[in-house]
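Dear colleague,

Please find below the structure I promised to hand over. My notes on it follow directly after.

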Amino acid sequence: MEPIAKGYSHREVEARWYDGWVDAGYFHAEAQSDKDPYCIVIPPPNVTGHLHIGHALTLTIQDVLIRYKRMCGFNTLWLPGTDHAGIATQMVVERDLAAKGVSRFDLGRRKFLDEVWRWKDAAHAHIVKQMKALSISVDWDRERFTLDEGLSRAVREVFVRLYEEGLIYRAQKMVNWSPAIRTVLSDLEVEEKELESHLWHIAYPVEGTDVRLVVATTRPETMLGDTAVAVHPEDERYRHLIGKQVKLPLTDRLIPVIGDAEAVDPEFGTGALKITPGHDFTDFEVGRRHGLPVISILTEDAHLNDEVPPKYRGLERFEAREVVVRDLEEQGFLVSIEDYKHVVGHCQRSGVVVEPTVSLQWFVKAKTLAGPALDAVRNGDTVFIPKTWEKTYFNWMENIRDWCISRQLWWGHQIPVWYCRSPGCEGIYVGVEDPDESTKCPACGAADWKQDEDVLDTWFSSALWPFSTLGWPDETRELKTFYPNTVMETGFDIIFFWVARMMMMGIHFMGEVPFGTVYFHAMVRDEAGQKMSKTKGNVIDPLELVDEVGADALRFTLATLTAQGRDVKLSVDRIQGYREFVNKLWNAARFVFMNLDDVEGPLTLDGLKPAPADRWILTRLDDMVAAVRGALDGFRFNEGASVLYQFVWHRFCDWYLELAKGALAEGGPRRRTAQTVLVTSLDGILRALHPFMPNVTEELWQRLKPFLAGRPDSIVVDAYPMTGDVPRFDEDARAMDEVLDLISAVRGVRSQVQVPPSEQVGVLVRPGGPEVAAHLDMHREDIRRLGRVDGFVIDADAQRPDGAALAVLPFAECYVEIGAERIEAEIARLNKAIAKARKGLEGVERKLENPKFIDRAPEQVVQKERLKAAELKDGIQRLDEAVRSLGG
């Protein structure tokens, strides 16, 4: 093998291993195995374009879990795939075509779908490239797509079964309509936004009287579709008008005054409501209760239709609002206008205001399916991490409404329903297979069918993902082995869209929950805590980061920042910092390899007599393994990454490599022991780190492998370290910790008063007991060498000498002799810094005590000032302690 390079090059290393892993079949799961199964199905990214940094986070977390469990001996399946993403993908393709002056209607359905498939193929290729760049260990042999043949069959099977069970039905209902993309939306696809608007007060003359009934509305244009005015039946102001007719302004229609205690609040507005059953959810229910006609006044693209007077036909809805208000004012019907803030639904995809409208659509009776899914989480069959998301889940599921599953799109699973073409016949056929000439209409006997043109909601097929990807409805070996899935790792923002629906469908069709654990990762934000968006210019492209710093550094950064229930604040500087960690590991390994030139064959600890430093690192290695295993088993990824970082950087690199140098230089048995402990420690480090940083660990492990006995061909399939793999020496390790703490204290004093590295200092120690004195004396040479100490004295009765700084440790007092002049100068500097910090704190506290600042400043600014105050207080405390340590 070539000598290890002096510097780490992520581009060279990360290009070397991935294809070989795939070709060797390391990521392939066995359909049948004696090993326990562990399965994650990937949340399928949309084929709308490229993966973003949020995808990099979820892929990192899942790969950490999968690589860890694979090394722990599980039969791991991480199933990859992509989602056709009906609305989202159709929109991006339509935008792409619009830039060329073409619409989907110009092309027609078949040619448009050809265009979408071409887009899908290109997007899929790029997504796969990004996934591989992140080094994820998915089973590529089992990759799925929500519109592939097998999943399409599963979708039809589910639809037909639910229809036959009476859980899918077609009805005229009030729905959310997006005029921009001309399709119905589910409630979850509507974003509520608060808008500054107006409340228009309009007078409706009561027929045959001089009375005018005043209503208030935020949508005056919809009055052209009013079919009643409602008042509370016990409202003394209006109860005598119930049953009378009012003239609908700007039209020649009369509409009734009705009494409705459920919909009308006498205290709100004027106490009278205009009722437009065709364009308001509440009004639609009022209309049903009172048998009112439903008049829809808008076209699919939100222009006024022929149900309104000729003057308003063809106007866009907001343009019509202006015209209607002007006419109401001119004709004396407009009583007043007041400013008004209210919440308005917007299409999540297009951003356009949603239009409530009555439409014939397909629905799922979600309440029936929700009950078992609620019980499964309450009973602990499925566990949410963090647990706090259970409350959100329960609240939504307990109040769930029927799910509108039809979409007026062309891209997606076309609804498997066919209508008889015979004139006047209402016969339908619902089936998994397309009807042919032998499929007769049950109503008229004809065999002429037309398929429903709508497609299913994207989330309908996604809801089947945990079992459809494993071959359902066939009873495949994969389905028997890997269902229920072990873990679903996803974002909290799709708990309703996806998690709840997978729970409902999985339990209904498989009789079991789809997964035992749901881990919700947090949102990735920029370093200031802002949501990433193209408009803010703070979007981070994971592929660019991989090229710049490497997949291992990016993955480790994301894992380190992933704390349960906290958003991930990401900056390029943080990633660069962890790139230095990869480099630190590389250099440490290089040191080890450079000191193995006289070794042939595997090294083993058997029969060796480890020195105190060796016993210390082996014990702390065992501690590290236990802590990382516990963290990963508990989904505490940041904790696991932090433990690894601290052990590698500080204990192994900063301490043990330095302590081992003396033994390596001495030669003989001590050298061989140090070499063996170095190899053992590095092996444990690399295997423990592998799930987080697969590439650099494989590269270094392959170089280490000649010195290891009985190992497989790759670290990917090697065993994850276990507690007890190495011997423990707890008493020796605690003693060595005290030695190292003492050296750290000496170094801290040297750094504080800026003693040059070339200058040595004297150290006087008053130990806490004879045992402490004994092991400090045993390591006298290490203390002298690593602390740059020329005089080291241990004295149970020691008193602080003049010109010495004090470091108080739990087991001893340490006096570092640095000279009176240095101490006086340092105390003066510290007091000056304290005065400056206190002045700064006074200014911040004055600001925070000002009610006007608290009330008017943005919350982010206020929080920043509070954080500044806390940091200043902490800094002052530390400066005070430093002064005391110098005797000031």
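I begin with one residue of the chain: setting aside residues up to four places away in sequence, L659 touches A613, M736, L740, D782, R785 and L786. Please note that the model is a predicted one. L659 is found in helix α19, which covers residues 637-666. With a relative accessible area of 7%, L659 falls under the 20% cut-off and is therefore buried. As a reference distance, the C-alpha atoms of L659 and D573 lie 32 Å apart in space, while the two residues are 86 apart in sequence.

Overall description

The chain has 888 residues, of which 54% are buried. Its secondary structure comes to 27 helices and 29 strands. The C-alpha trace spans about 110 × 75 × 55 Å along its principal axes. Of the contacts between residues at least 6 apart in sequence, 77% join residues at least 24 apart. The accessible surface of the chain amounts to about 39,500 Å², and carbon and sulfur atoms account for 48% of this surface. As to charge, there are 107 positive and 137 negative side chains, with the centres of the two sets 3 Å apart.

The parallel sheet

In general, strands of a sheet pair through backbone hydrogen bonds, in either a parallel or an antiparallel manner. One open sheet in this model consists of three strands in the order β15-β23-β22, and its pairing is parallel. β15 (383-385) and β22 (485-491) are the edge strands; each has a single partner strand, so one side of each is without a neighbour in the sheet. On average, neighbouring strands of this sheet are turned by 20° against each other, direction ignored.

Six bridges link β22 in the parallel sense to β23, which is formed by residues 515-521. At the level of residues, V487 has T517 in β23 as its bridge partner. T517 has a relative accessibility of 16% and, because buried means under 20%, T517 counts as buried. Apart from neighbours within four places in sequence, T517 is in contact with V383, I385, T486, V487, M488 and F635.

Helix α14

Which part of the chain encloses helix α14, and how many of its residues are buried? Helix α14 comprises residues 495-510, and 13 of its 16 residues are buried, so this helix is largely enclosed by the rest of the structure. G511, just after α14, takes a positive phi of about 75°.

The antiparallel sheet

A further open sheet contains four strands with antiparallel pairing, in the order β6-β5-β14-β16. The edges are occupied by β6 (183-185) and β16 (403-404); because each has a single partner strand, one side of each is left without a neighbour in the sheet. Strand β5 (residues 168-178) runs antiparallel to β6, and three bridges join the two. One of the residues involved is S178, whose bridge partner in β6 is T183.

For your own inspection of the model, L659 in helix α19 and T517 in strand β23 may serve as starting points.

With kind regards

How values were computed: Residues numbered from 1 in each chain as written. Predicted model: local features only at pLDDT ≥ 70, side-chain atom pairs only at ≥ 80, totals over all residues. Heavy atoms only, no water. Buried < 20%, exposed > 50% of the residue type's maximum accessible area, 1.4 Å probe, protein only. Contact = heavy atoms within 4.5 Å. Areas by Shrake-Rupley, 256 points an atom, 1.4 Å probe, with all protein chains shown as cover. Lys, Arg positive; Asp, Glu negative; His and termini not counted. Charge placed at Lys NZ, Arg CZ, Asp CG, Glu CD. Pairing = 2+ DSSP bridges. Axes fitted to C-alpha atoms, helices over the stretch in contact; angles between N-to-C directions.
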